Structures are given as structure tokens and as C-alpha cells.
Amino acid sequence: MTTKSFQEHFDNQIENEVSIEPRDWMPDDYRKTLIRQISQHAHSEIVGMLPEGNWITRAPSLRRKCVLLAKVQDEGGHGLYLYSAAETLGISRDEMIEQLHSGKAKYSSIFNYPTITWADMGAIGWLVDGAAIMNQVPLCRTSYGPYARAMVRVCKEESFHQRQGYEIMMTLANGTEVQKKMAQDALNRWWWPSIMMFGPSDADSPHTAQSMKWRIKRFSNDELRQKFIDVTVEQAKLIGLTVPDPNLKWNEETGHFDFGEINWDEFWNVVKGNGPCNKERLQARQKAWNEGAWVREAAIAHAQKSKLKAAKNNKQKSETA
């Protein structure tokens, strides 16, 4: 088959909703786009463990500690699923990790904000994981098979994380005056970074149009952001909290909430590495990688030893057969 024939076959698969699998022919740009998106997603899951792991020992009860510990463990698992999916595209995990540590690869800007109070654990679960779910559920139907299959389990687990966060916020909002203020303060600080999570506006997003054409993405950044706002504003009202946007109002004509202008200067500043915790997050990952080298080396040595032992046993069996 010629390159043109391969391209036509690929286009036909996309048009007919047939999953692209690792051994299928795919355009180089499609492969590069997937590697960028999936590895960025994996990095976000791994880096996202840091602001929450910081609160495991300080959670206010044993139940809260157990739930938060389980959640952080889930995030680590999500990163592993996604690194594995990206590896099917021909990039090694070591290469992806190197790109993260060098700053070449990005991760979600939301994780470069500090977690100041216990209420931040609620805000992250409710808002950050809620935004993630809004973005990730359509990825269960993304055109690349390994990515889509990984997202099915990820989304199921993220739904529990969102409920856990909302339950924390609801408990605080129905608690003492100090607790309610703590919840409102967390909402005030995490609201705008959460709606920035969907990425730049469609007019300023260089990848959205092509990703939607390839059906890697199913909805644009602005569509997902609007859907998130419409749902979350009502959830805030239900527990007596106020979304920190004076321009927020229901638009009868559009059937959606109108909202204020996002501070895109802040967004791009954080993306470029100048957020409150950018350096701290990367240093923590680099430290963990370096200090964990002996574990990786031991695992490789054990695997090699087991392989040699198995080969020796097989040889002895064949000789005595």
C-alpha cells in the first residue's frame, strides 16, 4: 500500500469510529499529538499526588486519612495506566519522565497552587477532579484505543474523588462559622484555576481543531468549561457557598451561565513555570526519581535474574526429556 492508501484507510477508520490501535498505520502528527496529550495527562496525575499527599498525616480523622490515602494511591495508578498507553506509541517511560523533569513536557497548571488548609482537599476533589471528569469522560470515546480503554477505569475512580471532595466541602459548609469560612475561602482560591484547567480559549488553542478532527477530543475547551460552570454553580448553591465571580449570571437566551473574564496572564504565567509552586513540584519529582533509583535498579536486577533462572530450568528440562 502507498502512503496515500494508508492515509485513506486511517481517515476511513476515524470517520467510521473504528479505534486506532498501536499496530495500525497513523500519521506522524497524530502520533505526536497523542504522545504530547497522554504524557501530559500522565504527568498531571503523578504531580497531582503532591499537593494532596501533603495533607495525609494532617487529615482531621482516621476516616479522612484513609480516604485521602486511597485517593492519592488512585492518582499514582492513573499515571501508570497513562504512561503505559503512551508507551504503545513508541516513546519510553524514561524519556517521558526526563521530559517532565527538564521542563520540556507540561502538566496541568492547577497543581502549581498551594494547599493551605484542610478545605483545599475538599476544593480539589470537588472542583479539580470535577473538571477532570468533565474533560475525561469524552476521552473514553477518543479515537486511540489504548487511551480510551485506560480512561474508562480512570473516570470511574475520579467520580469517587469528586464525591469525596464535595462531601468535605458540604460538611464544612454545614459546620461552624469558622469551618464555613474555610470552605468559602478554598472555593475563592480554587475557582478560577479550576476553570483554567480546560486550557486556553478555543481561539487561542493551537491543537483543538486538529484534535477534534482526529476525534482525539470530542468537545472544545470552551464547551467543556461552560458545561463545568453550569453544573458546579448549582452544586455550590446547594451547600450554601458562593462562586467568587461578580459577573456570574444565568442567561435565559443561551440556557447557560455567563461568567467573568479569565485572567489569562496568570494562566500563561503558571504554564510557563512561574506559578506559586512550579519549582517546588518539579524539585519534589526530581528528588523522588533520584532517591528511588535503587528500587528501579533492584527490580531490573531481579527481573534479569528470574529470566536467567527460567532459561536455565527450561534448558535442564529439555536435556532430561
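A residue is taken as buried when its relative accessible area is under 20%, and in this predicted model Cys155, at 9% relative accessibility, therefore counts as buried. The structure holds zero disulfides; Cys155 takes part in none, although the sulfur of Cys140, the nearest cysteine sulfur, lies 3.9 Å away, a separation that does not qualify because a disulfide requires two cysteine sulfur atoms within 2.5 Å. Cys277, with a relative accessible area of 4%, is likewise buried.

The largest nonpolar core comprises 75 residues, among which Tyr30, Ile38, Tyr144, Met169, Trp190, Trp191 and Phe228 touch the most other members. For Tyr144, when residues up to four places away in sequence are not counted, the residues touched include Tyr30 and Ile38, both of which also appear in that group of core residues, together with Ile20, Glu21, Pro22, Met26, Leu34, Ala85, Thr88 and Leu89.

Helix α5, spanning residues 93-102, has Met96, Ile97, Gln99, Leu100 and His101 as buried residues, and the buried residues of this helix pack against α2 (28-47), α4 (62-87) and α12 (278-291). Gly103, just after α5, adopts a positive phi of about 90°.

Gln235 is placed in helix α10, which covers residues 221-238, and is partly exposed, with a relative accessible area of 23%. Apart from neighbours within four places in sequence, Gln235 is in contact with Trp126, Gln162 and Tyr166, while the C-alpha atoms of Gln235 and Met170, residues that are 65 positions apart along the chain, are separated by 9.8 Å.

Notes:
Residues are numbered from 1 along each chain as its sequence is written. This is a predicted model: local features need pLDDT of at least 70, side-chain atom pairs count only at pLDDT 80 or more; totals for chains, interfaces and linings use all residues. Side-chain values use heavy atoms; hydrogens and water are left out. A nonpolar core is a set of buried Ala, Val, Leu, Ile, Met, Phe, Trp, Tyr and Cys residues joined through side-chain atoms within 4.5 Å. Buried means under 20% relative accessible area, exposed over 50%, partly exposed in between (1.4 Å probe, protein chains only). Contact means heavy atoms within 4.5 Å. Helices (H or I, at least four residues) and strands (E, at least two) are DSSP runs, numbered from the N terminus.
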